[in-house]
Amino acid sequence: MAAIGIGLGFHALFKMVEPTWVPKAIATAFISLAIFIIVAAERRARTLYRRLTAHQVKELGGINLKIMATAISAGAVCLIVALWALT
């Protein structure tokens, strides 16, 4: 989430830089990095969860890491599209 914020902040601070695609490209790189981190964290958490034994750990209820990671990643992709299309 911080990488998404850094990307947006960079674009907001340097949007008047010429050529205009440079701040957009750097912001896109940070947001893309955020997507990678989110997906990697979800996969790692899923792997760890599978290794836990049922008799030692109470089962998690109500949270689905895959849905959360997908939603955040989709929002980040929409942000990249908006960054390039609207500014």
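# Exercises on a three-helix model

I37 is found in helix 2. Keep in mind as you work that the structure above is a predicted model.

**Exercise 1. Decide whether I37 is buried, partly exposed or exposed, and find how far I37 is from M1 in space.**

Step 1. Start with the cut-offs: buried means under 20% relative accessible area, exposed means over 50%, and partly exposed lies in between.
Step 2. I37 has 46% relative accessibility, so I37 counts as partly exposed.
Step 3. Now look for M1, which is 36 residues away from I37 in sequence. From C-alpha to C-alpha, the two are 9.1 Å apart in space.

**Exercise 2. Describe the overall make-up of the protein: which elements does it have, and in what order do they run?**

Step 1. Count the elements: there are 3 helices and 0 strands.
Step 2. Read from the N terminus on, and the order is α-α-α.
Step 3. Place the helices on the chain. Helix 1 covers residues 2-14, helix 2 covers residues 21-51, and helix 3 covers 65-86.
Step 4. Turn to the surface. The protein exposes about 6,400 Å², and carbon and sulfur atoms supply 72% of that area. Of its 87 residues, 21% are buried.
Step 5. Finish with the contacts. Taking those with a separation of 6 or more, 70% are between residues 24 or more positions apart.

**Exercise 3. Work out how helix 1 and helix 2 are oriented to each other, and which residues meet.**

Step 1. Take the axes: they come within 7 Å and cross at roughly 175°.
Step 2. Angles over 145 degrees count as roughly antiparallel, and helix 1 and helix 2 are therefore roughly antiparallel to each other.
Step 3. List the partners. On the helix 1 side are A3, I4, I6, G7, F10, H11 and F14, and they meet P23, K24, I26, A27, F30, I31 and A34 of helix 2.
Step 4. Sort these residues by class: 11 are nonpolar, 2 polar and 1 charged.

**Exercise 4. Take a closer look at P23: is P23 buried or exposed, and what does P23 touch?**

Step 1. Find P23 in helix 2.
Step 2. The relative accessible area of P23 is 2%, so P23 is buried.
Step 3. Leave out residues up to four places away in sequence, and P23 touches F10, H11, F14, K15 and V17.
Step 4. Compare positions with L13, which is 10 residues from P23 along the chain: their C-alpha atoms are separated by 8.8 Å.

**Exercise 5. Add helix 3 to your picture: how is it oriented to helix 2 and to helix 1?**

Step 1. Begin with helix 2 and helix 3, whose axes come within 9 Å and cross at roughly 175°. That makes helix 2 roughly antiparallel to helix 3.
Step 2. The residues of this contact divide into 17 nonpolar, 3 polar and 4 charged.
Step 3. Next come helix 1 and helix 3, with axes that come within 12 Å and cross at roughly 10°. Angles under 35 degrees count as roughly parallel, so helix 1 and helix 3 are roughly parallel to each other.
Step 4. Name the partners: I4, L8 and H11 of helix 1 meet I72, A76, L79 and L83 of helix 3. This contact has 6 nonpolar, 1 polar and no charged residues.

**Exercise 6. Identify the residues of the largest nonpolar core, and say which helix gives the most to it.**

Step 1. The core has 7 residues, namely A3, I4, I31, A34, I35, A76 and I80.
Step 2. Assign them to helices: helix 1, helix 2 and helix 3 each supply at least two. Helix 2 gives the most, with 3 residues.
Step 3. Zoom in on I31. Not counting residues up to four places away in sequence, I31 touches A3, I4, G7, A76, L79 and I80.

**Exercise 7. Decide whether T28 and S73 are buried or exposed, and list their contacts.**

Step 1. Locate them: T28 is in helix 2, while S73 is in helix 3.
Step 2. Buried means under 20% relative accessible area. T28 has 16% relative accessibility and therefore counts as buried. S73, at 10%, counts as buried too.
Step 3. Set aside neighbours within four places in sequence. T28 is then in contact with I80, L83 and W84, and S73 with I35, I38 and V39.

How values were computed: Residues are numbered from 1 along each chain as its sequence is written. This is a predicted model: local features need pLDDT of at least 70, side-chain atom pairs count only at pLDDT 80 or more; totals for chains, interfaces and linings use all residues. Side-chain values use heavy atoms; hydrogens and water are left out. Helices (H or I, at least four residues) and strands (E, at least two) are DSSP runs, numbered from the N terminus. Buried means under 20% relative accessible area, exposed over 50%, partly exposed in between (1.4 Å probe, protein chains only). Contact means heavy atoms within 4.5 Å. Accessible areas come from the Shrake-Rupley method with a 1.4 Å probe; for residues, only the protein chains shown count as cover. Axes are lines fitted to C-alpha atoms, for helices over the stretch in contact, and angles run from 0 to 180 degrees between N-to-C directions. Angles under 35 degrees count as roughly parallel, over 145 as roughly antiparallel, 65 to 115 as roughly perpendicular and the rest as oblique. Ala, Val, Leu, Ile, Met, Phe, Trp, Tyr, Cys and Pro count as nonpolar, Asp, Glu, Lys and Arg as charged, and the others, Gly among them, as polar. A nonpolar core is a set of buried Ala, Val, Leu, Ile, Met, Phe, Trp, Tyr and Cys residues joined through side-chain atoms within 4.5 Å.
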